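Biologist: Hi, could you walk me through this structure? I'd like to go topic by topic.

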Amino acid sequence: MKRALVYGLARSGVAAAAALARDGVEVVQVDSTLGNEDDLALLDGVDVLVKNPGVPGERPLVEEARRRGIPVWSEVELGYRLLRPRPFVGVTGTKGKTTTCELLGAIFHVAGRDAVVAGNVGRPLSGVDAPEDAWIVCELSSFQLEDVHELTLEVAVLLNLEPDHLDRHGTFERYRDAKLRIFERAARKIVPRGLGLEGTEFGADDALPAEPLIPGRHNRENSAAATAAARAIGIGGDAIAEALRTFPGVPHRLELVRELGGVRWVNDSIATNTFAVRRGVEAYDAPVRLILGGRAKGEDFVPFARELPKNVRSVYLVGEAADELAAALDAAGRSYTRAQTLARAVELAAVEADPGDVVLLSPACASYDQYANFEERGEEFRRLVANLR
């Protein structure tokens, strides 16, 4: 490879460009901020197009690359080729990917094995520098799996499948098909019980070597998946048990930010679809004050509003999707308050919450209307809560 085009200069695109340049490859950089997305002549002489996962496959440059027979790789495909023959564990699913990957990393650590956690959230795969015998635990999104070609996993884990990213994929079937590509060249497959998929099944009710420290039935399910994957690799029960008992969880995922006056303030900013919100609410027996909203991702909010548990005592709506959420809540006969901003929602919840309540930021929406990403939204929630008196 002599010349590569890297499309999209977010975190993984920057890492891909740097990795290619280190290998002596001439890199053409394309990004919306550079104003060159429509310059098809940039493909002249290009051997491969490496696509940031945030770039849709329907963009003119990507379609033209395919028409010319230029391979289109996800950044993960590039990272895999740079890191092989190191063994890979891949984890995908609608929710729980980061938690499960980080838990697997903790299990490897307790077992005394070298492992690096990378991928969709966190360190881009093409930026990893790891010992030759290290395992790579890779979080894989549907966007990344769309453009893999040789990615081969020792163990592939599918956590769950619920509608998500329909604004990008168009249909649930296309989203599902992208997710299931994780199994195409996998030696061992870990799959949710009840989906009828080939592989080692797991579920939230499985017997585990120890009960996990992280709360919620969904996290017990994530722990069961991580346990099945670790056992497939040959890690013993004692190491798995120690990791389950001590792993504290991941920021922005049912993260207890503060307890003030008997009220627990919980940051679940990662919950960008209704499936994740349901699981977050189910983690608590207490009354919940729920903060919803942001940028909608093509989901129908009506079933979610209709099934909202009775322990959700109040709902505060923020961001672009407030009208859409309000219409769904109206149809379900559920009350709500239009807070518009996260700051106002925190202010209102602080007044209305009683001792024993949980104030839960679990938005069911993307963050891009008001924040750069879900991490920035979660950090803002933390700051606002820390400033409460």
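Modeller: Happy to; what follows is a chat about a sheet, a helix, a loop residue, some aromatic pairs and the cysteines. Please keep in mind that this is a predicted model.

Biologist: Let's start with the open sheet of four strands: what is the strand order?

Modeller: The order is E2-E1-E3-E4, and the pairing is parallel. Strand E2 (26-30) and E4 are the edge strands, each pairing on one side only. From one strand to the next, the twist averages 25°.

Biologist: How many bridges are there between strand E1 and E3?

Modeller: Four bridges, with E1 (residues 3-7) and E3 running in the parallel sense. If you want a spot to look at, find Ala4: its bridge partner in E3 is Val48.

Biologist: And which strands does H1 lie across?

Modeller: H1 lies across E1, E2 and E3, and it runs at about 170° to E1. H3 packs on the sheet too, touching E3 and E4, and its direction makes about 80° with that of E4.

Biologist: Tell me more about H3. How many of its residues are buried?

Modeller: Seven of the nine residues in H3 (residues 75-83) are buried, so the helix is mostly covered, with buried meaning under 20% relative accessible area. The buried ones are Glu75, Val76, Glu77, Leu78, Gly79, Tyr80 and Leu83.

Biologist: What do those buried residues pack against?

Modeller: Their partners include helix H1 (11-22), strand E3 (48-51) and strand E4 (72-74). They also pack against strand E5 (88-92), strand E7 (135-139) and helix H5 (142-145).

Biologist: Tyr80 caught my eye. What kind of aromatic pair do Tyr80 and Phe88 make?

Modeller: A search of the whole structure finds three aromatic pairs. In one of them, the rings of Tyr80 and Phe88 have centres 5.2 Å apart and planes at 70°, so this pair is edge-to-face. Tyr80 and Phe88 are both buried.

Biologist: What about Trp265 and Phe381, how are their rings arranged?

Modeller: That pair is tilted, with 6.4 Å centre to centre and 45° between the planes. The pair links distant parts of the chain: Trp265 sits in strand E12 (residues 263-267) and Phe381 in helix H14 (residues 374-386), 116 residues apart.

Biologist: Why does Trp265 count as buried?

Modeller: Because its relative accessibility is 3%. Phe381 is buried as well, with a relative accessible area of 0%.

Biologist: Changing topic: where is Ala210?

Modeller: Ala210 lies in the loop between strand E10 (200-202) and helix H8 (217-233).

Biologist: Is Ala210 buried or exposed there?

Modeller: Buried, because its relative accessibility is 8%. Leaving out residues up to four places away in sequence, Ala210 touches Ala241, Leu244 and Arg245. Ala210 and Ile240 are 30 residues apart in sequence, and their C-alpha atoms are 7.9 Å apart in space.

Biologist: Last one, on cysteines. How many disulfides does the structure hold?

Modeller: Zero. Take Cys138, which is in no disulfide: the nearest cysteine sulfur belongs to Cys101 and is 7.2 Å away. For a disulfide, the two sulfur atoms would have to be within 2.5 Å.

Biologist: And how buried are Cys138 and Cys365?

Modeller: Cys138 is buried, with a relative accessible area of 0%. Cys365 counts as buried too, at 0% relative accessibility.

Biologist: Thanks, that gives me plenty to look at!

Terms used:
Residues are numbered from 1 along each chain as its sequence is written. This is a predicted model: local features need pLDDT of at least 70, side-chain atom pairs count only at pLDDT 80 or more; totals for chains, interfaces and linings use all residues. Side-chain values use heavy atoms; hydrogens and water are left out. Buried means under 20% relative accessible area, exposed over 50%, partly exposed in between (1.4 Å probe, protein chains only). Helices (H or I, at least four residues) and strands (E, at least two) are DSSP runs, numbered from the N terminus. Contact means heavy atoms within 4.5 Å. Two strands pair if DSSP finds at least two bridges between them. Axes are lines fitted to C-alpha atoms, for helices over the stretch in contact, and angles run from 0 to 180 degrees between N-to-C directions. Rings of Phe, Tyr and Trp (its six-membered ring) pair if their centres lie within 6.5 Å; planes under 30 degrees apart count as stacked, over 60 as edge-to-face and the rest as tilted.
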